[in-house]
Amino acid sequence: MAGASTRAISRRITRSGRVRWRHCRRTTAASPATSSWTSEQRHVDERARDAVEVYTTLPEETDPLDKQRGRYAALKAARDRALVFVLAYTAVRVGELLRDPNDPRRRGVRWEDLSLDDGSMDVYRKKQQWDAASLPDPVISPLRSYRQLMDPPTERWPVFPTFDQRTLAELVQEELAERGERPESITERREKYARDLLLTLEGDIRPPSITTDGARSNLQRLSEAAEIDIDHPKHDYLAPHGGRRGMGEVLVRAFGYTVAARYLDNSEEMVRERYSHIEAGELGDVATEALEKIDSVPQ
């Protein structure tokens, strides 16, 4: 039932959210978090398009290792784009999406948890139970192209695997040793790949999901590359919760507190408290209009 309601909200966002948000920006100042995330989305989208184009247009005679390097660069850029779009549009908490080393239940979403056709994703919620979250239309295309490029060996692969070379090197060596390969054979096999991540794909060695801290480091790197100026007392990059807060702002302005609370998986009371500035601004507009009407009445 919860999945059906969030999908319905997602469809409403797809049909009219963009138009209504433009209206909101005309009438009220846009949230700094929202405008910053929009800049980030443009940056990672352009970066991913460029990397994929470079890889897919390599000449046939290109050296195999150079092709692998091109694929690795495209995969990393496509993963970053998909992650930024998911955080910006779904309002899912980063701890529900990625791996938490201190909580084995939070192992990061896998491809088996996503239904791109239905526009939904199963996540382990803050309330400690599995529940469906919406995948609005703007998220689907980046995820589809990323999956096609990755071509995961099984549905149990993490959607957002770590790209940390040290972690992957240890994983590959341990897994191949457990499969009975000798050290010299493992070294020889690894030398055939530009990066261990590509070996994990070919050898069906499932890597762990990127951690929540790893995602924050990635977002910091992307924010610096996009030269986004963040005015925040605690951090100078686009933190994951900024996308959630920005989406909440859009939803409250476009559809009201009840819809926003359902989409954010929060109580309406908490949403009203966190976005009280919106209601205060709207009431101020009402008061201004009332005063203008009184002033227009002939004395």
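Tutor: Helices and strands here are DSSP runs, numbered from the N terminus. Keep in mind that the model is predicted.

Student: Where is Ala194 found?

Tutor: Ala194 lies in the loop between α7 (183-190) and α8 (196-203).

Student: Is Ala194 buried, partly exposed or exposed?

Tutor: Buried means under 20% relative accessible area, and exposed means over 50%. Ala194 has a relative accessible area of 26%, so Ala194 is partly exposed.

Student: Which residues does Ala194 touch, leaving out those up to four places away in sequence?

Tutor: Ala194 touches Leu65, Gln68 and Arg69. Look also at Gly70. Ala194 and Gly70 are 124 residues apart in sequence, yet 9.6 Å apart in space, C-alpha to C-alpha.

Student: What describes two packed helices?

Tutor: Two packed helices are described by the angle between their axes and the distance between the axes. Take helix α3 (residues 64-90) and helix α5 (residues 137-150). They pack at an angle of about 155°, and their axes are 9 Å apart. Angles over 145 degrees count as roughly antiparallel, and that is why α3 is roughly antiparallel to α5.

Student: What is the handedness of the crossing of α3 and α5?

Tutor: α3 passes α5 in a left-handed crossing.

Student: Which residues make the contact?

Tutor: From α3, they include Ala74, Leu75, Ala78, Phe85 and Tyr89. From α5, they include Val139, Leu143, Tyr146 and Leu149.

Student: How do the residues of the contact of α3 with α5 divide into nonpolar, polar and charged?

Tutor: They divide into 14 nonpolar, two polar and three charged.

Student: Now the interior. Which residues of the largest nonpolar core touch the most other members?

Tutor: This core has 44 residues. Leu75, Leu97, Leu114, Met121, Leu143 and Phe160 touch the most other members. At least two residues each come from α2 (32-56), α3, α4 (94-97), β4 (120-124), α5, α8 and α9 (212-225).

Student: Which element supplies the largest share of this core?

Tutor: α3 does, with 11 residues. Follow Leu75. Leaving out residues up to four places away in sequence, Leu75 touches Tyr146, Leu149, Met150, Phe163, Leu197, Leu198 and Leu201. A second, separate core has 15 residues, among them Ala91, Ala254, Val259 and Tyr263.

Student: And the whole protein: how many helices and strands are there?

Tutor: The protein has 13 helices and five strands. Of its 299 residues, 45% count as buried.

Student: What percentage of the contacts with a separation of 6 or more comes from residues 24 or more positions apart?

Tutor: Such residues account for 68% of those contacts.

Key:
Residues are numbered from 1 along each chain as its sequence is written. This is a predicted model: local features need pLDDT of at least 70, side-chain atom pairs count only at pLDDT 80 or more; totals for chains, interfaces and linings use all residues. Side-chain values use heavy atoms; hydrogens and water are left out. Axes are lines fitted to C-alpha atoms, for helices over the stretch in contact, and angles run from 0 to 180 degrees between N-to-C directions. Helices (H or I, at least four residues) and strands (E, at least two) are DSSP runs, numbered from the N terminus. Angles under 35 degrees count as roughly parallel, over 145 as roughly antiparallel, 65 to 115 as roughly perpendicular and the rest as oblique. A crossing is left-handed if the near helix is turned anticlockwise from the far one by less than a right angle, and right-handed if clockwise. Contact means heavy atoms within 4.5 Å. Ala, Val, Leu, Ile, Met, Phe, Trp, Tyr, Cys and Pro count as nonpolar, Asp, Glu, Lys and Arg as charged, and the others, Gly among them, as polar. Buried means under 20% relative accessible area, exposed over 50%, partly exposed in between (1.4 Å probe, protein chains only). A nonpolar core is a set of buried Ala, Val, Leu, Ile, Met, Phe, Trp, Tyr and Cys residues joined through side-chain atoms within 4.5 Å.
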